[in-house]
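Please walk through this structure from its interior to its surface. The paragraphs below take up burial, packing, ring pairs and charged pairs in turn.

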Amino acid sequence: MSTFELKTHQIGRTYSQPHFFILNKGQNCGKPLINPCPNCFVVSTSTEEEKQTLYHLSMMLQIGGFYAYYLKGSVIPFISIDDCRNTLKNSYTSLLSDEFELQKHINIVSAICKKEAELQKVISKMADLKVSYIQNLFSKKQNRATKGNKNQINLLA
């Protein structure tokens, strides 16, 4: 059974136990974080393995939109600590019955996220290539135009 503790993070505080952070404000509520930010909860666990399992489970809940159901607030949406704790706890206990199956799902989602990050890098490189190509195309056109203008000026002189 999981023995994790979820509290509101206080800026400047350090933690000795294995831990990670969960964003609690904005459209990305529930997103697990390695590094703290001003609007987050801290999840402390007793083992590193349990931390990794809860981290990936929180990521799956956030991607699946399970935290979004509990969002409150009209301008800046947020999730309460109790809703976050209960969602994480209930999901963990329901999936813990078959730990091998849970680890399999975590590995699959992790592989998909890794592939997604690789493809995002490729998309970014393609966008850079497109910009470079267009800039190069127009710089050649401008160079030809200025050379033509210089020839016209020389002919007039």
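A residue is called buried when its relative accessible area is under 20%, exposed when that value is over 50%, and partly exposed in between. Arg85 has a relative accessible area of 27%, so Arg85 is partly exposed. The model is a predicted one, and the values that follow are computed from it.

Arg85 is a useful place to start. The side chain of Arg85 meets that of Asp82 in a salt bridge, at 2.9 Å from N to O. Both residues lie in helix α2, three residues apart, which is about one turn of the helix. Asp82 is partly exposed as well, because its relative accessible area is 46%. Arg85 also has a contact that leads inward: Leu6 is in contact with Arg85, and with Ile22, Phe41, Val42, Val43, Ile81 and Cys84, leaving aside neighbours of Leu6 within four places in sequence.

Leu6 leads to the interior. In soluble globular proteins, nonpolar side chains tend to be buried together. Here the largest nonpolar core has 21 residues, and those touching the most other members are Leu6, Ile22, Val43, Leu54, Tyr67, Cys84 and Leu88. Which elements each supply at least two residues of this core? They are the strands β2 (19–23) and β4 (40–44), together with the helices α1 (48–64), α2 (81–96) and α3 (99–156). Helix α1 gives the most, with six residues. Apart from this core lies another, of six residues, including Tyr15, Phe21, Leu23 and Leu33.

Strand β2 and helix α1 are also linked by a pair of rings. A pair of aromatic rings is described by the distance of the centres and the angle of the planes. A search of the whole structure finds three aromatic pairs. One of them joins Phe20 and Tyr55 in an edge-to-face arrangement, with 5.5 Å from centre to centre and 80 degrees between the planes. Phe20 is in strand β2 and Tyr55 in helix α1, 35 residues apart, and the pair thus links distant parts of the chain. Are these two residues buried or exposed? Phe20 counts as buried because its relative accessibility is 0%. Tyr55 has a relative accessible area of 13%, so Tyr55 is buried too.

Helix α1 has a further neighbour in helix α2, seen from Ser91. Ser91 lies in helix α2 and touches Leu57 and Leu61, not counting residues up to four places away in sequence. With a relative accessible area of 16%, Ser91 is buried. Ser80, by contrast, belongs to the loop between α1 and α2. Ser80 counts as partly exposed because its relative accessibility is 22%. Beyond its neighbours within four places in sequence, Ser80 is in contact with Phe41 and Lys72. Ser80 and Phe41 are 39 residues apart in sequence, and their C-alpha atoms are 9.8 Å apart in space. Phe41 is also among the contacts of Leu6.

The charged pairs come next. Side chains of opposite charge can pair when their charged atoms come close. A search of the whole structure finds six salt bridges, one of them being the pair of Arg85 and Asp82. Another joins Glu48 and Lys51, whose closest N and O atoms are 3.2 Å apart. These two residues are three apart in helix α1, so about one helical turn separates them. How does accessibility class Glu48 and Lys51, as buried or exposed or in between? Glu48 counts as partly exposed, at 41% relative accessibility, whereas Lys51 counts as buried, at 14%.

Helix α3 holds a salt bridge between Lys115 and Glu118, where the closest N and O atoms are 3.7 Å apart. Lys115 and Glu118 are three residues apart in this helix, so they too are separated by about one helical turn. Lys115 is partly exposed, with a relative accessible area of 47%, and Glu118 counts as partly exposed at 38%.

Helix α3 also leads to the surface. Tyr133 is found in this helix, and its relative accessible area is 57%, so Tyr133 is exposed. Tyr133 forms a nonpolar patch on the surface together with Ile134, Leu137 and Phe138. The accessible area of these residues together is about 420 Å². Helix α3 is also one of the elements that each supply at least two residues of the largest core.

Conventions:
Residues are numbered from 1 along each chain as its sequence is written. This is a predicted model: local features need pLDDT of at least 70, side-chain atom pairs count only at pLDDT 80 or more; totals for chains, interfaces and linings use all residues. Side-chain values use heavy atoms; hydrogens and water are left out. A nonpolar core is a set of buried Ala, Val, Leu, Ile, Met, Phe, Trp, Tyr and Cys residues joined through side-chain atoms within 4.5 Å. Buried means under 20% relative accessible area, exposed over 50%, partly exposed in between (1.4 Å probe, protein chains only). Helices (H or I, at least four residues) and strands (E, at least two) are DSSP runs, numbered from the N terminus. Contact means heavy atoms within 4.5 Å. Patches are made of residues with over 30% relative accessible area and no salt bridge: like charges are joined within 9 Å, nonpolar side chains (Val, Leu, Ile, Met, Phe, Trp, Tyr) within 5 Å. Accessible areas come from the Shrake-Rupley method with a 1.4 Å probe; for residues, only the protein chains shown count as cover. A salt bridge is a side-chain nitrogen of Lys or Arg within 4 Å of a carboxyl oxygen of Asp or Glu. Rings of Phe, Tyr and Trp (its six-membered ring) pair if their centres lie within 6.5 Å; planes under 30 degrees apart count as stacked, over 60 as edge-to-face and the rest as tilted.
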